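Let's explore a protein together, one question at a time. Take a look at the picture first, and then we can work through the answers.

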Amino acid sequence: MNRFLYEKSITYKGYLIIPFLFTRVGGEFIYSYALLAAEGYEDEFHKAKNPSGLCANNLSGIVEIAQQHLNKYSQNLKEDNYFEQRYTYQNHLIIIHQEGNKCFYDHYPSNELRNIAAPTLFFNPDDCINWIKQRLNRSQVR
């Protein structure tokens, strides 16, 4: 796996379905997926890689597989906008959360589902995104 295709991720009933290129067979791409859950570690599928065990040869197929698996096995399906404000920058996933007048974020690198967010609070999403971009740009220069 080279990287998660965060820019192709889909929100679904409290989950973020994140496709990735699993392998290439005979010139054909085979996709798998990973999940993030709005409930975080309290959810059995948070950070799970392909809990269904199935793959597909296109992105829409892998999303459908993930949705069917969640419909059948998840106990936490709900309409949730936790992943609504998400951005991809330099192949990193940034998820912005706002609670009242406080703004914070989750930050996942391109090749692993490990939240590397610094414990920093902001007053608006733009300040948060700009702060993250500055840090990522700085790390690219090194």
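Q: In what order do the strands of the open sheet of 3 strands lie?
A: Keep in mind that this is a predicted model. The strands of this open sheet pair in the antiparallel sense. Its edge strands, each pairing on one side only, are β4 (86–89) and β6. Neighbouring strands here are turned by 25° against each other on average, direction ignored. Reading across the sheet, the order is β4-β5-β6.

Q: How many bridges link strand β5 and β6?
A: Strand β5 covers residues 92–99 and runs antiparallel to β6. One bridge to find in the picture pairs His 97 with Phe 104 in β6. The pairing of β5 with β6 extends over 7 bridges.

Q: Is His 92 buried or exposed?
A: You can find His 92 in strand β5. Its relative accessible area is 15%. Buried means under 20%, so His 92 counts as buried.

Q: Which side chain is joined to that of His 92 by a polar contact of 2.8 Å?
A: Leaving aside neighbours within four places in sequence, His 92 is in contact with Tyr 6, Tyr 87, His 107, Tyr 108, Pro 109 and Leu 136. One of these residues also makes the polar contact of 2.8 Å with His 92, side chain to side chain. That partner is His 107.

Q: How far apart are the C-alpha atoms of His 92 and Gln 68?
A: Along the chain, His 92 and Gln 68 are 24 residues apart. In space, their C-alpha atoms are separated by 27 Å.

Q: Is Ser 110 buried or exposed?
A: Ser 110 sits in the loop between β6 (102–108) and α2 (125–141). Not counting residues up to four places away in sequence, Ser 110 touches Arg 3, Phe 4, Tyr 6 and Asn 91. Its relative accessible area is 19%. The cut-off for buried is under 20%, so Ser 110 is buried.

Q: What pattern does the protein follow along the sequence?
A: Now step back to the whole chain. The protein has 2 helices and 6 strands. Read along the sequence, they follow the pattern β-β-β-α-β-β-β-α.

Q: What is the radius of gyration of the protein?
A: The C-alpha atoms fill a box of roughly 45 × 40 × 20 Å along the principal axes. With 142 residues, a compact globule would have a radius of gyration near 14 Å. The value for this protein agrees with that, at 16 Å.

Note on methods. Residues are numbered from 1 along each chain as its sequence is written. This is a predicted model: local features need pLDDT of at least 70, side-chain atom pairs count only at pLDDT 80 or more; totals for chains, interfaces and linings use all residues. Side-chain values use heavy atoms; hydrogens and water are left out. Helices (H or I, at least four residues) and strands (E, at least two) are DSSP runs, numbered from the N terminus. Buried means under 20% relative accessible area, exposed over 50%, partly exposed in between (1.4 Å probe, protein chains only). Contact means heavy atoms within 4.5 Å. Two strands pair if DSSP finds at least two bridges between them. Axes are lines fitted to C-alpha atoms, for helices over the stretch in contact, and angles run from 0 to 180 degrees between N-to-C directions. The radius of gyration is taken over C-alpha atoms; the globule rule is 2.2 Å times the number of residues to the power 0.38. A polar contact is a pair of N or O atoms within 3.5 Å; within protein, one must be able to donate a hydrogen and the other to accept it, and residues adjacent in sequence count only if both atoms are side-chain atoms.
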